[in-house]
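Open the model in a viewer and show side chains as sticks. The tour below goes stop by stop, with what to select and what is there.

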Amino acid sequence: MKKWLKADSLTVLGAAAAAAATRFFGVQIDVTNIAAAAIILLGYFKAHEYVTVVRGANGLPIGFKANSRKFIFTIVAFSLIVADELFKLGLGNELIFTLTAAVTGYNLVEGKKDAKQAEQEGTDASQSF
């Protein structure tokens, strides 16, 4: 049961529930927006999980920084997608997926940088003892 309560599992289940609700209740949510929101959230959670695993493997403290650029960009992109759906902004599929790709790619690159930094911090800490 515990593995279903992870953020990435809940994102997939939430996206599936939103897609099913659109069909069942007749709510008009664009499937593109559902997919883009799920991809943005999954990309962020996977990048964060990668850094967390590397930090834990190197004996470093694991924490969540709400002021990180990855988090801020993810929230802004997710908010734009939600605003597009709520206020019918008509941003277009191309713009939505470009935004999704840019934010997800940024999260991947920054996650790799953070993981390298964590490995270096772990190496430095083990050499100092």
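Start with K88, which is in the loop between α3 and α4. The model is a predicted one. Colour K88 by accessibility and it falls in the exposed class, because its relative accessible area is 56%, above the cut-off of 50%. Check its backbone as well: phi of K88 is near 50 degrees, which is a positive value in a residue other than glycine.

Keep K88 selected and add E85. Their side chains meet in a salt bridge, with 3.1 Å from N to O. Is E85 buried or exposed? With a relative accessibility of 16%, E85 counts as buried, while its partner K88 counts as exposed.

Now select G90, which is also placed in the loop between α3 and α4. G90 is exposed, at 65% relative accessibility. Draw a distance from the C-alpha atom of G90 to that of L80: the two are 10 residues apart along the chain and separated by 11 Å.

**Salt bridges within helices**

The whole structure holds 6 salt bridges. Go next to helix α4 and pick K113 and E110. They form a salt bridge whose closest N and O atoms are 2.9 Å apart. The two residues are 3 positions apart in helix α4, so about one helical turn separates them. K113 is partly exposed, with a relative accessible area of 46%, whereas E110 counts as buried at 10%. Add R69 to the selection: salt bridges with shared partners join R69, E110 and K113 into one network.

Move to helix α2 and select E49 with K46. This pair is another salt bridge, with 3.8 Å between the closest N and O atoms. Here too the spacing is 3 residues, in helix α2, so E49 and K46 are separated by about one helical turn. What accessibility class does E49 have? E49 is partly exposed, with a relative accessible area of 32%. K46 is partly exposed as well, with a value of 43%.

**Aromatic rings**

Turn to the aromatic side chains, where the count comes to 4 pairs. Select F73 and Y106. Their ring centres are 5.0 Å apart and their planes stand at 65 degrees, so the pair is edge-to-face; the cut-off for that class is over 60 degrees. F73 lies in helix α3 (residues 69-87) and Y106 in helix α4 (residues 93-128), so the pair ties together parts that are 33 residues apart in sequence. Each of the two can also be checked for accessibility. F73 counts as partly exposed at 38% relative accessibility, and Y106 counts as partly exposed at 23%.

Which residues form an aromatic cluster? Select Y44, F45 and F71, which form one such cluster.

**From the α2-α3 loop to the surface patch**

Select F64, in the loop between α2 and α3. Its relative accessible area is 49%, so F64 is classed as partly exposed. That value sits just inside the class, because exposed means over 50%. Then draw a C-alpha to C-alpha distance from F64 to T52: they are 12 residues apart in sequence and 9.1 Å apart in space.

Switch to a surface view and select F24, F25, V27 and I29. These residues make a nonpolar surface patch of about 440 Å². Within the patch, pick out V27, which is found in the loop between α1 (7-25) and α2 (31-57). V27 is partly exposed, with a relative accessible area of 41%.

**Last stop: a pocket**

End at the second largest pocket. How much space lies in it? The volume of the second largest pocket is about 240 Å³. To centre the view, select A18, N33, I34, A37 and F78, which lie nearest the centre of this pocket among the 15 residues of its lining. Then colour by helix: α1, α2 and α3 each supply at least two residues of the lining of the second largest pocket.

Methods. Residues are numbered from 1 along each chain as its sequence is written. This is a predicted model: local features need pLDDT of at least 70, side-chain atom pairs count only at pLDDT 80 or more; totals for chains, interfaces and linings use all residues. Side-chain values use heavy atoms; hydrogens and water are left out. Rings of Phe, Tyr and Trp (its six-membered ring) pair if their centres lie within 6.5 Å; planes under 30 degrees apart count as stacked, over 60 as edge-to-face and the rest as tilted. Helices (H or I, at least four residues) and strands (E, at least two) are DSSP runs, numbered from the N terminus. Buried means under 20% relative accessible area, exposed over 50%, partly exposed in between (1.4 Å probe, protein chains only). Patches are made of residues with over 30% relative accessible area and no salt bridge: like charges are joined within 9 Å, nonpolar side chains (Val, Leu, Ile, Met, Phe, Trp, Tyr) within 5 Å. Accessible areas come from the Shrake-Rupley method with a 1.4 Å probe; for residues, only the protein chains shown count as cover. A salt bridge is a side-chain nitrogen of Lys or Arg within 4 Å of a carboxyl oxygen of Asp or Glu. On a 1 Å grid over the protein atoms alone, a cavity is a set of points where a 1.4 Å probe fits but cannot get out, and a pocket is an open set with protein on both sides within 12 Å along at least five of seven lines; lining residues have an atom within 4 Å of a point. Grid points are joined across faces, edges and corners, and a volume is the space filled by probe spheres set on the points.
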